[in-house]
Amino acid sequence: MIKDNQRYFNRLHVLIDALIVAGSYVLAWFIQIKLLSDNVGVLPVEVYMLVLLPLVPGMILLYSAFRLYTPKRVQGRRVELGNIMKANMLGLLLFLALAMLVKQADFSRGLIFLFFGLNILSDVVARVVIRYALRDIRRRGMNQKHVLLVGYGRSAKEYIDRIMENPQWGYKVYGILDDSVGPSTVYRGIRVIGRTEDLVPILTANQLDEIAITLGLGEYYKLEHIVAQCEKSGVHTKFIPDYGNIIPTKPYTEDLMGLPVINIRYVPLSNTFSMISKRIFDIFGALACIVLFSPVMLFAAGLVKLTSSGPLIFKQERVGLHNQPFIMYKFRSMAVQKPNHEKAQWTTKNDPRVTPVGKFIRKTSIDELPQLFNVLKGDMSLIGPRPERPQFVEKFREEIPRYMIKHQVRPGMTGWAQVNGYRGDTSIRKRIEYDLYYIENWTMGLDIKILFLTVFKGFVNKNAY
């Protein structure tokens with residue numbers, strides 16, 4: 001039933017997208033040709049409308065390639081928005097490339113850009129409306145997906161918790177099968193209805209949409225037999241492992257000559273192409289920033305030199321990529337101290353060691369600008385987890401699980417934790433959570449997003465003392 005509904009919904013979604021593409025194109029033609037250009041020196045309307053023949057199916061194919069017809073139960077809003085942008089940007093590039101290939105110089109470039117702008121806007125609005133309509137329908141008990149859980153382990157409880165907290169997903173748990181607890185066991189209204197040996201009769205007697213295998217770690221010896229029974233039924237089956245606390249949400253799998261291997265940590269930047277791409281981005285970005293901020297850096301250097309005695313640049317050892325130490329640069333913002341005093345503690349609010357100029361450049365992050373030269377040297381990246389001093393690394397590695405994973409990538413001048421408010425005297429644990437998210441979900445698009453967020457809300461730091 002759910003499969004039929006999903007198939008119908010996908011067809012309807014394709015039809016809506018086709019109408020949006022066609023409507024956006026015709027509207028763009030009307031605005032650009034009829035309203036803005038007065039129809040002078042442009043191609044006939046038939047030529048423009050002929051473009052719709054390849055354009056509509058082409059955009060549908062792009063949407064399909066970017067997984068825009070994935071069920072909305074499993075695709076977040078941000079992911080969907082990102083995929084809409086990616087599909088349209090690729091479509092724009094292909095459109096411009098084809099226009100050049102056919103040597104059609106008179107074809108309005110303004111129409112092309114206007115079309116893609118209108119298409120993105122219309123598609124985002126349509127999908128938001130569809131998403132909220134589906135949520136309302138599912139909250140009313142319709143369009144439900146009925147699920148049977150096999151196993152009463154920790155993953156079963158976590159799965160039920162998330163379903164209960166998100167009724168808009170439209171999941172309804174039929175019951176749980178387990179061999180270690182009795183049929184009187186109930187968790188958040190979901191009852192254990194039998195043992196794993198009852199799986200086949202229950203599947204035969206009921207129309208279920210999905211089976212979720214949620215066995216505890218001690219019961220994995222049953223896994224092969226249970227999977228075989230599930231596959232005989234033809235019902236879609238998924239496995240929710242009971243070791244989710246030690247593997248990432250997007251595990252990196254390898255095929256070792258037919259043997260599946262799951263890596264404990266997925267680090268996209270371990271890929272050579274991704275690593276080179278990010279390094280090129282860092283070099284050109286650092287050079288551009290040095291040119292752009294050179295007046296600010298010169299002004300800050302002059303203020304530091306005129307208002308306090310000591311070196312202009314403060315150098316401090318930090319821990320970077322692969323746990324290797326490096327010397328990080330900053331404009332000096334404190335009075336000169338003995339090395340053992342400087343290492344003893346973090347800067348605190350109203351710290352007497354901070355100079356008046358130092359307070360200003362720390363608050364506005366101007367003191368960090370010399371790190372652009374660390375980026376050029378290869379010690380740091382523009383974007384990444386912030387590096388820490390060796391003594392604090394040794395402390396946190398014992399206190400905070402997974403802390404050392406941050407050293408699998410180059411440290412950054414700014415990062416995902418910083419643009420989300422975790423700078424200065426804030427929770428180290430929360431900072432590490434955001435750092436790990438960045439490490440496991442890195443894309444060039446995420447780096448660009450963090451740069452923009454840094455510009456708009458990351459320079460001024462209320463926690464910088």
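L148 of strand 1 (residues 145-150) stands opposite I211 in strand 5 (residues 210-213). The model is predicted, with pLDDT of at least 70 needed for local features and 80 or more for side-chain atom pairs, while totals for chains, interfaces and linings use all residues. Residues are numbered from 1 along each chain as its sequence is written, and side-chain values use heavy atoms, leaving out hydrogens and water.

Strand 1 and strand 5 run parallel and are joined by 4 bridges. On strand 6 (residues 236-239), strand 5 has another parallel partner, again with 4 bridges, and here E210 stands opposite H236. Strands pair if DSSP finds at least two bridges between them; strands themselves are DSSP runs of E with at least two residues, and helices are runs of H or I with at least four, both numbered from the N terminus.

Is strand 5 covered on one face or on both? Both faces are covered. E210 and A212 lie on one side, I211 and I213 on the other, and all are buried (under 20% relative accessible area, 1.4 Å probe, protein chains only).

The helices come next. The axes of helix 3 (residues 52-65) and helix 5 (residues 109-139) come within 14 Å and cross at roughly 55°. Helix 3 and helix 5 are therefore oblique to each other (neither under 35 degrees, nor over 145, nor 65 to 115). The contact (heavy atoms within 4.5 Å) is made by L55, M59 and Y63 of helix 3 and by F115, F116, N119, D123 and R127 of helix 5.

How values were computed
Axes are lines fitted to C-alpha atoms, for helices over the stretch in contact, and angles run from 0 to 180 degrees between N-to-C directions. Buried means under 20% relative accessible area, exposed over 50%, partly exposed in between (1.4 Å probe, protein chains only).
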